[in-house]
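Q: Please take a close look at a single part of this structure. I should like a connected account of how that part is placed and what surrounds it.

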Amino acid sequence: MNCESCGAPVSRMGRSGRYYCDYCSRLAVKTPLANSSDGLVLTGTLSDTPCLTCDDTQLEIGSIDTHSIEGCRKCQGVLLNQATFATLVRERRKSYVGPDQTGEFAPALDGPRDHHSRLACPKCCLSMDSFFYAGPGRVAIDSCSRCETVWLDCGEVTSLAEAPGLR
């Protein structure tokens, strides 16, 4: 994402969840990716973190709602810390007003990864734990308890927000 005023890359996100140009400090308009079911906004500024599921792809600095994340433009997976994950899910569930969605679920495809295909944590390089999320929704998430990071595949934020249960 580039600044509409000066054309410089936009990579900073203020506490309010707004993006500001690093060069001229103007407010930049954030637009979610056109095909993102989770409302993923990516700035185009690459982070030092490789994508956990795509080969030869770097994650980009971005956001979901007002929360800073690192995301992949190719697979739309998202890397965030555990506290941000908990807050994001709580806020999304609270604000969701549509019908509860259960969706199709195939444990072989949508369940936790087996020990042969577990993802490596990009911070410590050890295997991430893969398990069913303990809250509402039938989503398997990948988490590194050592680094307090969570990897979500495309659509998992929305699946958790729209799942039946207490809001």
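A: In α1, Ala83, Arg90, Lys94 and Ser95 are exposed, on the other side from the buried residues. Buried means under 20% relative accessible area, exposed over 50% and partly exposed in between, with a 1.4 Å probe and protein chains only. The model is predicted, so local features require a pLDDT of at least 70 and side-chain atom pairs a pLDDT of 80 or more, whereas totals for chains, interfaces and linings use all residues. Residues are numbered from 1 along each chain as its sequence is written, and side-chain values use heavy atoms, leaving out hydrogens and water.

The buried residues of α1 are Thr84, Phe85, Leu88, Val89, Arg92 and Arg93. Viewed down the helix axis, they fall within an arc of 155°, so they line one face of α1; the arc is taken over the directions from the helix axis to the C-beta atoms. Helices (H or I, at least four residues) and strands (E, at least two) are DSSP runs numbered from the N terminus.

The 14 residues of α1 should span 20 Å at 1.5 Å a residue, and the end C-alpha atoms are indeed 20 Å apart. The expected span is 1.5 Å times one less than the number of residues. At the start of α1, a side-chain oxygen of Asn81 comes to within 3.2 Å of the backbone nitrogen of Ala83.

The cover over the buried residues of α1 includes β5 (58-64), β6 (67-71), β7, β9 (140-144), β10 and α3. One of these elements, strand β7 (residues 78-81), holds Val78, which counts as buried at 2% relative accessibility. Beyond its neighbours within four places in sequence, Val78 is in contact (heavy atoms within 4.5 Å) with Leu40, Ile64, Ile69, Glu70, Gly71, Val150, Trp151 and Leu152.

A nonpolar core is a set of buried Ala, Val, Leu, Ile, Met, Phe, Trp, Tyr and Cys residues joined through side-chain atoms within 4.5 Å. The largest such core has 17 residues, of which Leu40, Ile64, Ile69, Leu80, Phe85, Ile141 and Leu152 touch the most other members. Two or more residues each come from β4 (40-50), β7, α1 (82-95), β10 (149-152) and α3 (156-162). Of the elements, α1 gives the most to this core, with three residues. A second, separate core of 11 residues includes Cys72, Leu119, Met128 and Trp151.

Ile141 links back to the helix: leaving out residues up to four places away in sequence, Ile141 touches Phe85, Asp129, Ser130, Phe131, Tyr133, Val150, Trp151, Leu152 and Glu156.

How values were computed:
A polar contact is a pair of N or O atoms within 3.5 Å; within protein, one must be able to donate a hydrogen and the other to accept it, and residues adjacent in sequence count only if both atoms are side-chain atoms.
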